[in-house]
Amino acid sequence: GSGCGAADADGGGTEGDVAARYLLLDLPTDCTELELQEYFSAFAVIEEVTLKALNSGKVMGSVKFADPTVDLRNIMMREVHKLRGRRISVQTWKTQKLQGRGGCGGYGGYGGYGYGYGYGYG
């Protein structure tokens with residue numbers, strides 16, 4: 001890949017809206033909001049943490065930062081995040097919307113989630 005989003009990372013204007021809230025997918029099924037809070041508060045001050053069990057049996061969470069920055073976004077999107085040795089997938093609401101074309105507010109599409117993430121960072 002040609003480094004998704006790398007070109008507009010240095011303030012080209014298009015990515016001026018740095019995400020405050022990040023989606024956390026593939027969480028351990030018994031993880032807690034406190035665990036998420038403790039892990040992600042290492043990067044920045046956290047405003048809100050949520051957890052939601054999906055019908056598929058998977059657990060999805062989100063974390064909202066009080067003062068998001070471009071540096072924080074790079075850490076969230078490019079670093080490998082692990083909880084209890086399990087890799088967490090981090091996305092922004094924007095990438096989630098782009099992937100779930102046409103589905104208004106539906107978390108329904110997670111069933112066929114084939115772990116071949118083509119993120120192309122590097």
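In this predicted model, confidence across the protein is lowest in helix 3, residues 93-99, where the mean pLDDT is 70, and highest in helix 1, where it reaches 97. Over the protein as a whole the average pLDDT is 77, and 64% of the residues score at least 70. Both ends of the chain call for caution: over residues 1-15 the pLDDT stays under 50, and for that stretch the model has 12 contacts beyond four places in sequence. The pLDDT likewise stays under 50 over residues 101-122, for which the model has 28 contacts beyond four places in sequence.

Let me turn to the overall layout. The secondary structure comes to 3 helices and 5 strands, and, read from the N terminus on, the elements run β-α-β-β-α-β-β-α. If we consider the contacts with a separation of 6 or more, 66% of them are accounted for by residues 24 or more positions apart. Of the 122 residues, 32% count as buried, while the protein exposes about 7300 Å², of which carbon and sulfur atoms supply 52%.

I would like to spend some time on helix 1, which is the element with the highest confidence. Which residues of helix 1, spanning 33-40, are buried? They are Glu 35, Leu 36 and Phe 40. Seen down the helix axis, these buried residues fall within an arc of 110°, and so they line one face of helix 1. On the other side of the helix, Leu 34 and Glu 38 are exposed. As for what the buried residues of helix 1 pack against, the partners are strand 1 (21-27), strand 2 (46-53), strand 3 (59-65), helix 2 (70-78), strand 4 (81-83) and strand 5 (86-92).

That brings us to the interior. The largest nonpolar core has 19 residues, and those touching the most other members are Tyr 22, Leu 24, Phe 40, Val 63, Phe 65 and Met 76. Strand 1, helix 1, strand 2, strand 3, helix 2 and strand 5 each supply at least two residues of this core. Taking Val 63 as an example, and leaving aside residues up to four places away in sequence, we find that Val 63 touches Ala 20, Arg 21, Tyr 22, Leu 24, Phe 40, Ile 46, Glu 48, Val 49 and Met 76.

Now to the aromatic side chains, where the count comes to 4 aromatic pairs. One of these is formed by Tyr 39 and Phe 43, in an edge-to-face arrangement with 5.6 Å from centre to centre and 80° between the planes. How exposed are the two partners? Tyr 39 counts as partly exposed, because its relative accessibility is 22%, and Phe 43, with a relative accessible area of 31%, is partly exposed as well. Together with Phe 40, Tyr 39 and Phe 43 form one aromatic cluster, and Phe 40, as I said, is one of the buried residues of helix 1.

I will finish with a residue at the surface, Asp 67, which lies in the loop between strand 3 and helix 2. Is Asp 67 buried or exposed? Its relative accessible area is 58%, and because of that value Asp 67 counts as exposed, the cut-off for exposed being over 50%. Asp 67 and Glu 47 are 20 residues apart in sequence, and from C-alpha to C-alpha they lie 8.7 Å apart in space.

Note on methods. Residues numbered from 1 in each chain as written. Heavy atoms only, no water. Buried < 20%, exposed > 50% of the residue type's maximum accessible area, 1.4 Å probe, protein only. Helix = DSSP H or I, 4+ residues; strand = E, 2+ residues; numbered from the N terminus. Arc of directions from axis to C-beta. Contact = heavy atoms within 4.5 Å. Areas by Shrake-Rupley, 256 points an atom, 1.4 Å probe, with all protein chains shown as cover. Core = buried A, V, L, I, M, F, W, Y, C linked by side-chain atoms within 4.5 Å. Phe/Tyr/Trp six-rings, centres within 6.5 Å; stacked < 30°, edge-to-face > 60°. pLDDT = per-residue confidence, 0-100.
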